[in-house]
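This report concerns a single protein chain. Please consult the sequence and the structure displayed below while reading.

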Amino acid sequence: MPRLKLFSILISILFTVYLVFALLFLLLCRNAAVHFNGIDPEADSSSLAGAYFTRLYFTTVAATTTGFGDISPKSSRARALTMLLLVLIVSYGLFMMINVAKLIRGRGA
């Protein structure tokens, strides 16, 4: 049971990192035309919620390594944040797989 609690904490941390990165993309890369390809600057500036949703979408596509290509980082700031996100997500994914394997191994023993 303690390992299952640890797993739920790890999932919560992942979700928090996901939301924080979308916020970082919004705050540090507010001018979409300068920082991203594929974001309409007029639509982006019309609504804060819409702009956050666009960054959340980009974060999801980047973090899942889907890479549709409809939005891509253009500035060095946006590229650096994207690289940091990808390194953290891949590292975290490996960490999660190791913990799931330990959880499964612990139940089978």
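The sections below treat the aromatic residues, the nonpolar core, the charged pairs and the annotated spans.

## Aromatic pairs

The model is predicted. It contains 6 aromatic pairs. In one of them, phenylalanine 25 meets phenylalanine 36 edge-to-face, with 6.0 Å from centre to centre and 65° between the planes. This pair links distant parts of the chain, since phenylalanine 25 belongs to helix α1 (residues 2-28) and phenylalanine 36 to strand β1 (residues 36-37), 11 residues apart. Both phenylalanine 25 and phenylalanine 36 are buried.

Phenylalanine 25 also pairs with phenylalanine 58; the ring centres are 5.1 Å apart and the planes stand at 90°, so this pair too is edge-to-face, the angle being over 60 degrees. Here the link runs from helix α1 to helix α4 (residues 48-63), with the two residues 33 apart in the chain. Phenylalanine 25 has a relative accessible area of 0% and is buried. Phenylalanine 58 counts as buried because its relative accessibility is 5%, the cut-off being under 20%. Phe21, Phe25, Phe36 and Phe58 form one aromatic cluster.

## Nonpolar core and its surroundings

The largest nonpolar core has 14 residues, of which Phe25, Phe36, Phe58 and Leu85 touch the most other members. Helices α1, α4 and α5 (76-108) are the elements that give two or more residues to this core. The largest share, 4 residues, is supplied by α5.

Beyond its neighbours up to four places away in sequence, phenylalanine 58 touches Phe25, Phe36, Ile71, Ser72, Pro73 and Thr82. The next residue to consider is threonine 59, which is placed in helix α4. Threonine 59 has a relative accessible area of 0% and is therefore buried. With residues up to four places away in sequence again left out, the contacts of threonine 59 are Tyr18, Phe21, Ala22, Phe25 and Leu85. Two of these names, Phe25 and Leu85, are among the core members that touch the most others.

## Charged pairs

Side chains of opposite charge can pair when their charged atoms come close. The model holds 2 salt bridges. Arginine 30 forms one with aspartate 44, at 4.0 Å between the closest N and O atoms. Arginine 30 lies in the loop between α1 and α2 (32-35), whereas aspartate 44 lies in helix α3 (residues 41-46), so that the pair links distant parts of the chain, 14 residues apart. Arginine 30 counts as partly exposed because its relative accessibility is 35%. Aspartate 44, by contrast, is buried, with a relative accessible area of 4%.

Aspartate 44 also forms a salt bridge with arginine 55, where the closest N and O atoms are 2.7 Å apart. Because arginine 55 is in helix α4 and aspartate 44 in helix α3, the pair ties together parts that are 11 residues apart in sequence. Arginine 55 and aspartate 44 are both buried. Through shared partners, the salt bridges join Arg30, Asp44 and Arg55 into one network.

## Annotated spans

The UniProt record, an unreviewed entry, places the feature "transmembrane region" at residues 6-28 and 80-101. In the model, residues 6-28 are 100% helix and 0% strand, and their end C-alpha atoms lie 32 Å apart. For residues 80-101, the span is likewise 100% helix and 0% strand, with 32 Å between the end C-alpha atoms.

Conventions: Residues numbered from 1 in each chain as written. Predicted model: local features only at pLDDT ≥ 70, side-chain atom pairs only at ≥ 80, totals over all residues. Heavy atoms only, no water. Phe/Tyr/Trp six-rings, centres within 6.5 Å; stacked < 30°, edge-to-face > 60°. Buried < 20%, exposed > 50% of the residue type's maximum accessible area, 1.4 Å probe, protein only. Contact = heavy atoms within 4.5 Å. Core = buried A, V, L, I, M, F, W, Y, C linked by side-chain atoms within 4.5 Å. UniProt positions renumbered as here; feature names shortened; annotations may be inferred. Salt bridge = Lys/Arg side-chain N within 4 Å of Asp/Glu carboxyl O.
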